[in-house]
Structures are given as C-alpha cells and as structure tokens.
Amino acid sequence: MSSKGTAAFVGLGVMGYPMAGHLARNGHAVTVFNRTTEKAERWVADHNGGLAASPAQAAAGADFVFTCVGNDDDLRAVVLGEAGVFAGMKSGACLVDHTTTSATVARELHVEAAQRGLGFLDAPVSGGQAGAENGQLTIMVGGDADPFERARPAMQCYGKAVTLMGPAGAGQLTKMVNQICIAGLVQALAEGMNFAVRAGLDGEQVLDVISKGAAQSWQMENRGRTMLRGEYEFGFAVDWMRKDLGICLDEADRNGARLPVTAIVDQLYKHVQQKGGRRFDTSSLMYLLAQD
Ligand SMILES: NC(=O)c1ccc[n+]([C@@H]2O[C@H](COP(=O)([O-])OP(=O)(O)OC[C@H]3O[C@@H](n4cnc5c(N)ncnc54)[C@H](OP(=O)(O)O)[C@@H]3O)[C@@H](O)[C@H]2O)c1
C-alpha cells in the first residue's frame, strides 16, 4: 500500500500519460485504464502500476480517480457508461476530470457524483505536453472546497498552480477564458511574423527585439521561431482547439458575451483543417498566411 493513497487514471494520451506518471513517481499506487490497451501496457511497464480492463475496474478502491479524455461525449462514456468509473468508485472517493469540456457536462457530473456520495472536480489544465511532462501545468478547478483540499496534493504532483475558481463548471469556464485569450493572440503573432518576412526583415532578429518589449507572450517565446520555420507537426492540435473554441462560442451564446475575434479565428482553424492540418499545432494559423 502506498503512503499517498490509491489513484486511478483513465486516458493515457499526450497529457494523461505523463500526468499519471508524476502521480506514480510521487508515491501514489496508480491503476490505469486506456481504451487502446498497448498504451496502458507501456505505461505499466514504465511505472510499475496496475492495469485495469475497464474504467470501473481501475476506479474500484481508489481514493482519487483522474480522467483526461477527449470531449464531452468521451467523458460521459468513461464516467457514466456501464463499465464507467462511477460504477466502480467507492463511497467518499473523488473524481478529478482534466479533460477540457463544456461547463454543462461538468455541472451534470457534479450532480450525478453527489447523488452517489462521490466528489467531482472539473480541473482542466493549461501548459501543453511540455507542461504535463515537466509537471508544470496550470490547473483551474471547479467544485466543492472539501474534495478540492483533499485532491490538491495529488494535483500538485504535475501542477505548478492549482486553484479553486468557484463551484462546479468554474474550472471549465476559466479554461474557456484561457482559450479565448490565446486564439486572437496566435493570429496576431502569425500576422506579425508573416508581415516581418514579407517586409524583408530578419524574423528571428525581430523576435529577439520585440520579445523584450510590450508584445512579449508565451506564444511568442514558444511558437514564434517554429512559425518562421513553418514547423507545425507538434504541440496542441487544431482539432482540439476547434473543440475548445466551439465550447467557448456555445457558452458565449448563453451568457451574452461577444466573441468577434474568437469566431473569426475559429473559422481560420477550419481552413487549416480543410488543408490537412487537423493535427498541426495551433500556431499553424501562420501556414494560411504563408500560402497566400
Ligand atoms: N495536448 C495538449 O496540449 C492539451 C493541453 C491542454 C488541454 N488538453 C486537453 O486534454 C484532453 C486530452 O488531450 P490529449 O492531448 O492528451 O489527447 P490525446 O493524446 O488524443 O488522448 C486522448 C485520450 O483519451 C482517450 N479517449 C478518448 N476518447 C475516449 C473514449 N470515448 N473512451 C475511452 N477513452 C477515450 C484516448 O484513448 P486512445 O489512446 O484509445 O485513443 C487517449 O488516451 C483534451 O480534452 C484536450 O483538449 C490538451
């Protein structure tokens, strides 16, 4: 038995695989489930954890269950399905969901969990694959204070900032703000880099100079040079970004917020998808400008 308690992790993708690894390395006894079994087998070989045949089996006996899957429907499937985690969790255990979803599904699962005597936290993350691998994610959480305090030490295994933002759904709403802020900024960065190239400037030198001034951003530091080189086969996929922007635009329809730039950038990403860039990084907005 581990000193930190038992955990289950469902969804060993780009994000979940290293996050589950940090839990194991920090003394949690972790049992994993992944739809594609080979990934789960590889994880168990790497980390010496338990392998489960279903989400319910992974969750059985765990103090904390973590999920990091694709979208709302994927989350419902692994949580509410016949062999979903709710079917296996013991009373008093807490489900921490790291998927980026709508606030609607987060609130729905919070209610379902409470009816079963379980805790539920919506806990989407920011920081990308590198943040997950380095244990430096920003985690924005919605839900109740008591399960949050219990789950916080586990989340700190891979989160540099773990913050309770409000009731169920507040974590997802905060992640929406994050994505809204990124969308317009990436397009502005792409326009700037494309302009620099067409103006005959040395793009790298431009970045060196303006990144020390008011235009500085994470995107500029981490994506400016790869944009100039036309490298997009890595990072946060356009398909995921369109899912996220769709969630933002739906929520804005409900709360009345206007998102004119976000709506345009969403359509630009649709063009990237149509040109074969579904798995390109979100910095591929530059790809459209460079082609014109
Ligand atoms: N990648 C990033 O930089 C990043 C950053 C912040 C947030 N996020 C969010 O984090 C979540 C995961 O992203 P990711 O990049 O890790 O995605 P990913 O590499 O595609 O992994 C998705 C994982 O979910 C599993 N899954 C998907 N649908 C499922 C279903 N219906 N039933 C069972 N398992 C299912 C997949 O299983 P298989 O292995 O069988 O396909 C895989 O383990 C997404 O919501 C994404 O928006 C990603």
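## Helices and model

Helices here are DSSP runs of H or I, at least four residues long, numbered from the N terminus. The model is predicted.

## Ligand shell

The ligand has 23 residues around it. The closest are N34, T36, K39, G70 and K243. Three helices each give at least two residues to this shell: α4 (72–80), α7 (128–134) and α12. By class, the shell holds nine nonpolar, nine polar and five charged residues.

Oxygen atoms of the ligand take part in several polar contacts. At R35, the partner is an N or O atom of the side chain, 2.9 Å from a ligand oxygen. At V69, a polar backbone atom lies 3.2 Å from an oxygen atom of the ligand. G70 also offers a polar backbone atom, with 2.8 Å to a ligand oxygen. Taken alone, the ligand exposes 890 Å², and the protein buries 88% of that. G70 is also listed among the closest residues of the shell.

## Largest cavity

A probe the size of a water molecule, rolled over the atoms, shows where empty space remains. In this structure the count is one cavity of 30 Å³ or more. The largest cavity holds about 30 Å³ of space.

Its lining consists of T100, T101, Q172, K175, M176, Q179, D244, I247 and C248. Two helices, α9 (170–198) and α12 (238–255), each supply at least two of these residues. The largest share, four residues, comes from α9. Three lining residues are nonpolar, four are polar and two are charged. Helix α12 thus appears in two places: it supplies at least two residues to the cavity lining, and at least two to the ligand shell.

## Salt bridges

The whole structure contains 14 salt bridges. One of them joins the side chains of E204 and R225, with 3.3 Å from N to O. E204 sits in helix α10 (residues 203–210) and R225 in helix α11 (residues 218–229), so this pair ties together parts that are 21 residues apart in sequence.

Technical notes: Residues numbered from 1 in each chain as written. Predicted model: local features only at pLDDT ≥ 70, side-chain atom pairs only at ≥ 80, totals over all residues. Heavy atoms only, no water. 1 Å grid on protein atoms, 1.4 Å probe; cavity = no way out; pocket = protein on both sides within 12 Å on 5 of 7 lines; lining within 4 Å. Points joined across faces, edges and corners; volume = space filled by probe spheres on them. Nonpolar A, V, L, I, M, F, W, Y, C, P; charged D, E, K, R; others polar. Near = heavy atom within 4 Å. Polar contact = N/O pair within 3.5 Å; in protein donor to acceptor, adjacent residues only side chain to side chain. Areas by Shrake-Rupley, 256 points an atom, 1.4 Å probe, with all protein chains shown as cover. Salt bridge = Lys/Arg side-chain N within 4 Å of Asp/Glu carboxyl O.
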